[in-house]
Amino acid sequence: MFYREAGDFKTSYRDDNQTFPIRLDRAGYWVAIAVAFGIVPFFVNDYWVNAIFAPFFIYAIAALGLNILTGYAGQVSLGTGGFMAVGAYAVYKLMVAFPEINIIFHVLMAGGITAVVGVLFGLPSLRIKGFYLAVATLASQFFLIWLFNKVPWFYNYSASGQINAPERSVFGIIVTGPNTEAWAKYLICLVFLVGVAWMARNLTRGMTGRKWMGIRDMDIAAEIIGVNPLMAKMTAFAVSSFFVGVAGALFFAVYLGAAEAGESFGISKSFLILFMIIIGGLGSIFGSFAGAAFMVLMPVFLKNVLVGGMGWPTDLAAHFEFMIVGGLIVFFLIVEPHGLAQLWRLTKEKLRLWPFPH
Amino acid sequence: MKFSRVAAASVAALMVGAPAMAELVFPSLSYRTGPFAAGGIPYADGFADYMTLLNERDGGVGGVKISVPECETAYNTEKGVECYEATKGEGALVYNPLSTGITYQLIPKATADDIPLYTPGYGRTSAANGKVFSHVFNFPANYWNGASAAVNHLLDINGADLSGKKVILLHFNGAYGKEPIPTLTALGEKHGFDFSAIPVDYPGQEQKSQWLQIRRERPDYVLFWGWGVMNQVAIQEAGNIRFPLENMIGVWWSGAEHDVKPAGDAATGYKAVAFHGVGSDYPVFGDIQKYVVDAGKAAGNGDNVGTVIYNRGVYAAMMLAEAAKKAQEIHGVADITSGQMRDGLEQLEITDARMTELGMEGFGPAFKVSCENHGGPGTAAISQWDAGKGTWSLISDFGPSDMEVIQPLIDADSMAYAAENNIAERCN
């Protein structure tokens, strides 16, 4: 009744192409942005930021990155953890080497460095695809982790191979290190997330994104109509790795504050982010958010219900968590193989017709 | 977005429901799941059981009951962060996360929140330097003491001469396993043995290639820094390549019953460094049996009493309870804060008389913590496994470690940390 196109007249191409064609959606988007920037920062505490918002935002950035590569350009990657490690170690080296420069530039530069590394490891995608490419990117995962463990220069020769984020600030507000205020940590992650999501949305609906999708859907046909596969695949790897690198940099510098390559950026991280986009929905911006929310928030939510609410022993709760989250993944994928994003899309279709479906 | 808000709102509703407590809160960031659960379970059980014993037998510490909220980390740093934030609000006095990775993460955070960290025998070794690390305590012994104790034992059995010997460190490829490398390198130079390190990646269920390398290089001795499932695999693999197990020495985290039992008789002779007593021939375990296990109040299954890692949990809990008592004495209040707890830890003194009173005579060393030294005496002994009898036994006395080598390393590493983080020296 309220959720409909009728009455919302579009008089220009610009209006016609907007991201949210329905008025209610647009309003919802602006309200969400206003709440996220204007209200939440005044109420968040350490627990909310460190256990919920920071991991959710950062994983959402990583999921957006992988979604560009796998969901939009169709190149399967199991190297996400390794690329996050590149971002983390790059930002660490930059933070330590140039302490006077604003951390935001360090994070962006770390993303840039990851993009270069990503393109390098993306070269095999020109010759191989599908499972074979997955194996090649898997190799990059293991190589990068091995490299960060093996070469002491990356962790500044510390005894244990751990890297620790020193205190750095943005316009005088501390955003890394132990003295960070909860709201500052929240906002820095949110700013990057909104920026990345905005970029991703605009890239994917423009010519670049259409090329990626052409390559994904049928690379030979795309080539025939004039898409250069080299450029399309390399840009996909570059943009994707840039996002993943930014996520890795924030993950280490803002969220954890200390990291080691094998534990924080191991193969399980690659799988976790791949699961996020599969459950959320391949080739969907909303799906990246939904998948990250599902994989990050569900375990925390269940832990709080089972241990905090129902007083179960922690080990029993942890095992049940695996079973419930696993069960839900299977359930969602059976109900809707295209992920949560598709569920959301169907809901919206139904809402448009409600209450007169015929 | 919609999904996340529903979940977050529910979490908030639950957190508001948590009751306020007037108790001494010792959170236990434990891991009863994951590849390291084999070690995590007995430690968490021992820690919780000793605290329960104090509640049941003595009515807590200084008349205030103790509560031990548990939080499952699965040895994962992200879950560790969540657990830290979740329990911090309950008035946590001290953290003992039993994970070197989580410790590294918590050192700056806990220091900023004025909550001490107690990491006996693990964590950041250079935190022994109290001048830099105001809130971290790792007495009575740390990794570098352990490495030195192992080398001292090798010196003992080789007539004080190790020149030309080949020693390999097989280690977990993470913060924990890499800690002893600088010390062993320095000791190798001092005593003239040939040292090299072979890493095993997390979680360590597959070590064929590492042991192939060991077989090829034919070392005289293998030192071993493993944990959880990695230990059992390593000891079985050592048996498979017929490596004499009396030439393999594990650190204290690689020397428990569950590590050697899977290898059966082949494990006989395997040695491990220990910083506290083994077995259950101490009166305190009788009390635990009587007040906790028989009363049906044991944590977990209650079947770990007297095992190596369980004892370590008891030992750690004892230290914290004593420190809390000290803090109550210093500040004259029963319901202490985390800052006061830190003072208690810094002025803790464990005497032999006190150990006897606690029913733990000879279980660990007598020592005194000071502002400069948060690392304790660093004494350690060597224990050996007998598969026939199914027991660990100490084959040496608790001896000192080579502080001549270790102290400069501690100073260098802690000063580097101080410089990176702009920390001014304390205790002047």
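The following paragraphs lead through a predicted model, from the overall build of chain B to its domains, its contact with chain A and several local backbone features.

Chain B contains 15 helices and 15 strands. Its radius of gyration is 21 Å, close to the 22 Å that the globule rule gives for 428 residues, so chain B is as compact as a globular protein of that length. The C-alpha trace spans about 60 × 60 × 50 Å along its principal axes. Of the 428 residues of chain B, 59% count as buried. Contacts between residues distant in sequence are well represented: among those in chain B that join residues at least 6 apart, 70% link residues at least 24 apart.

An unreviewed UniProt entry places the feature "domain: Leucine-binding protein" at residues 29-388 of chain B. Over residues 29-388, the chain is 42% helix and 13% strand. The C-alpha atoms at the two ends of this stretch are 35 Å apart.

A separate division splits chain B into two domains, each assembled from more than one stretch of sequence. Domain 1 consists of residues 22-142, 280-378 and 412-421, whereas domain 2 consists of residues 143-278 and 380-408. The C-alpha centres of domain 1 and domain 2 of chain B lie 25 Å apart. Where the two domains meet, 27 residues of domain 1 of chain B are in contact with 29 residues of domain 2 of chain B. On the domain 1 side, helix 2 (37-58), helix 4 (100-112) and helix 12 (308-331) of chain B each supply at least two residues. Helix 12 of chain B provides the largest share of that side, with 5 residues. Sorted by class, the side of domain 1 of chain B that touches domain 2 of chain B has 15 nonpolar, 11 polar and 1 charged residues.

Strand 11 of chain B, residues 271-274, offers a view of local packing. Both of its faces are covered: Lys271(B) and Val273(B) on one side are buried, as are Ala272(B) and Ala274(B) on the other. Strand 11 of chain B also has pairing partners. With strand 10 (residues 248-250) of chain B it pairs in the parallel sense over 2 bridges, and with strand 14 (residues 381-386) of chain B it pairs in the antiparallel sense over 4 bridges. Lys271(B) takes part in both pairings: Ile249(B) stands opposite Lys271(B), and Gln384(B) in strand 14 of chain B is a bridge partner of Lys271(B).

Ser196(B), in strand 8 (residues 194-200) of chain B, has a less crowded setting than a buried residue would have: with 15 C-beta neighbours inside 10 Å, where 20 or more are needed for burial, it counts as partly exposed. Ser196(B) and Ile168(B) are 28 residues apart in sequence, yet their C-alpha atoms are 5.0 Å apart in space.

Chain B also meets a second chain. In this contact, 42 residues of chain B touch 43 residues of chain A. Helix 1 (2-16), strand 4 (70-72), helix 3 (77-88), helix 4, helix 6 (175-178) and helix 15 (403-421) of chain B each supply at least two residues of the side that touches chain A. By class, this side of chain B has 18 nonpolar, 12 polar and 12 charged residues. Helix 4 of chain B thus appears both here and on the side of domain 1 of chain B that touches domain 2 of chain B.

Certain backbone features remain to be described. The peptide bond from Trp354(A) to Pro355(A) is cis, with omega near 0°, and Pro355(A) lies in the segment after helix 15 (340-353) of chain A. In chain B, a cis peptide bond joins Phe139(B) and Pro140(B), with omega about 5°. Pro140(B) is found in the loop between strand 6 (136-137) and helix 5 (143-157) of chain B.

Two arginines of chain B have a positive phi although neither is a glycine. For Arg218(B), phi is about 45°; this residue lies in the loop between helix 8 (208-217) and strand 9 (221-225) of chain B. Because Arg218(B) has 9 C-beta neighbours inside 10 Å, it counts as exposed. For Arg242(B), phi is near 60°, and the residue is placed in the loop between helix 9 (229-240) and strand 10 of chain B. Arg242(B) is likewise exposed, with 9 other C-beta atoms within 10 Å.

Note on methods
Residues are numbered from 1 along each chain as its sequence is written. Chains are lettered from A and ligands numbered from 1 in the order in which they are written. This is a predicted model: local features need pLDDT of at least 70, side-chain atom pairs count only at pLDDT 80 or more; totals for chains, interfaces and linings use all residues. UniProt positions are given in the numbering used here, feature names are shortened, and annotations may be inferred rather than shown by experiment. The radius of gyration is taken over C-alpha atoms; the globule rule is 2.2 Å times the number of residues to the power 0.38. A residue is buried if 20 or more other C-beta atoms lie within 10 Å of its own, exposed if 12 or fewer, and partly exposed in between; C-beta atoms are placed from the backbone. Two residues are in contact if their C-beta atoms, placed from the backbone, lie within 7 Å. Two strands pair if DSSP finds at least two bridges between them. Domain bounds come from an automatic or database domain assignment. Ala, Val, Leu, Ile, Met, Phe, Trp, Tyr, Cys and Pro count as nonpolar, Asp, Glu, Lys and Arg as charged, and the others, Gly among them, as polar.
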